[in-house]
Amino acid sequence: MKRILPLFLVMIFMINFPSFTFAQDTSGDKGSLQSGTIDSQFEYIYSVSNNFQEYKVVKRTNLDQLKSNILDSMRTMRTEVGDLKLLIVNEKDSINNLNSILETAEAEKLAAIAEKDNFTFLGMGIHKAVYSSMMWILVAVLAGALAIFSFQYFTSFKKIKKAQKDLADVQEEFDNHRKNMLDRERKLKRELVDAQLGR
């Protein structure tokens with residue numbers, strides 16, 4: 001019995017030694033379950049767990065702590081996902097608002113360009129290019145009419161000058177003829193007087 005007692009004490013010590021070591025490790029490395037990534041926390045639990053045949057024996061407090069950490073991480077991630085979804089919805093709304101503002105600005109720009117390029121003439125809306133074309137056609141027609149009237153005027157002016165010259169020539173010829181007739185008439189009257197006196 002004296003031999004069994006020390007053997008029994010050694011066995012109890014050996015059985016309790018891993019848990020004693022583990023308790024010291026958990027108190028020393030408590031920060032591993034308190035901080036770090038989920039992967040590092042799993043590695044920590046794996047490293048501090050005892051082996052039993054092909055299984056790992058894990059302390060319930062470590063599992064509870066890991067579960068709590070995972071649930072906290074999941075809550076945080078869900079909150080972040082919710083925030084991101086809300087942010088995405090807000091961004092989509094902002095994009096839609098900006099698109100509608102852009103469409104309105106584009107429509108206003110097109111209206112301003114159309115208003116700038118069009119104006120009212122005699123109660124009708126006319127595009128500036130059409131108005132410009134009409135004005136140039138009108139200028140061309142007026143220039144053509146001016147050229148025709150100028151040509152007719154100069155042609156008529158030449159005819160009038162010729163007619164005036166012909167009239168002056170006829171007038172001069174008439175004056176010469178009249179003068180000759182007067183001279184002849186005087187001459188005939190003198191002859192008549194001479195003839196009457198000479199009787």
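This report describes the fold, core, salt bridges and surface of a predicted model of one protein chain.

**Overall architecture**

The protein chain is built from five helices and four strands. Read from the N terminus, these elements follow the order α-α-α-β-β-α-β-β-α. Helix α3 spans residues 38–48, strand β2 covers residues 55–57, helix α4 runs over residues 60–117, and helix α5 takes in residues 128–197.

Of the 199 residues in the protein chain, 6% count as buried. The exposed area of the protein chain is about 17,500 Å², and 64% of it comes from carbon and sulfur atoms. Taking contacts between residues at least 6 apart in sequence, 34% link residues at least 24 apart.

**The nonpolar core**

The largest nonpolar core holds five residues: Leu-33, Tyr-44, Ile-45, Val-48 and Leu-66. Helix α3 makes the biggest contribution to this core, with three residues. In soluble globular proteins, nonpolar side chains tend to be buried together.

One core member, Leu-33, can be followed through its contacts. Leaving aside residues up to four places away in sequence, Leu-33 touches Gln-41, Tyr-44, Ile-45, Asn-62, Gln-65 and Asn-69. Two of these partners, Tyr-44 and Ile-45, are also listed in the core.

**Salt bridges**

The structure contains four salt bridges. Three of them are set out below.

| Salt bridge | N to O distance | Position |
|---|---|---|
| Asp-72 and Arg-75 | 2.3 Å | helix α4, three residues apart |
| Lys-109 and Glu-106 | 3.4 Å | helix α4, three residues apart |
| Lys-189 and Glu-185 | 3.7 Å | helix α5, four residues apart |

In helix α4, Asp-72 and Arg-75 are about one helical turn from each other because they are three residues apart. Asp-72 is partly exposed at 34% relative accessibility, and Arg-75 is partly exposed at 47%.

The pair formed by Lys-109 and Glu-106 also belongs to helix α4, where a separation of three residues amounts to about one turn of the helix. Lys-109 has a relative accessible area of 43% and is partly exposed. Glu-106, with a relative accessible area of 35%, is partly exposed as well.

In helix α5, Lys-189 and Glu-185 are four residues apart, so about one helical turn separates them. Glu-185 counts as partly exposed, at 41% relative accessibility.

**A nonpolar surface patch**

Phe-52, Tyr-55 and Val-57 form a nonpolar patch of about 320 Å² on the surface. Val-57 lies in strand β2. Residues in a patch need over 30% relative accessible area. Val-57 meets this condition because its relative accessible area is 42%, a value that makes Val-57 partly exposed.

**The annotated segment**

An unreviewed UniProt entry carries the annotation "transmembrane region" for residues 134–155. An annotation of this kind may be inferred rather than shown by experiment. In the model, residues 134–155 are 100% helix and 0% strand. The C-alpha atoms at the two ends of this span are 31 Å apart.

Note on methods:
Residues are numbered from 1 along each chain as its sequence is written. This is a predicted model: local features need pLDDT of at least 70, side-chain atom pairs count only at pLDDT 80 or more; totals for chains, interfaces and linings use all residues. Side-chain values use heavy atoms; hydrogens and water are left out. Patches are made of residues with over 30% relative accessible area and no salt bridge: like charges are joined within 9 Å, nonpolar side chains (Val, Leu, Ile, Met, Phe, Trp, Tyr) within 5 Å. Accessible areas come from the Shrake-Rupley method with a 1.4 Å probe; for residues, only the protein chains shown count as cover. A salt bridge is a side-chain nitrogen of Lys or Arg within 4 Å of a carboxyl oxygen of Asp or Glu. Buried means under 20% relative accessible area, exposed over 50%, partly exposed in between (1.4 Å probe, protein chains only). Contact means heavy atoms within 4.5 Å. A nonpolar core is a set of buried Ala, Val, Leu, Ile, Met, Phe, Trp, Tyr and Cys residues joined through side-chain atoms within 4.5 Å.
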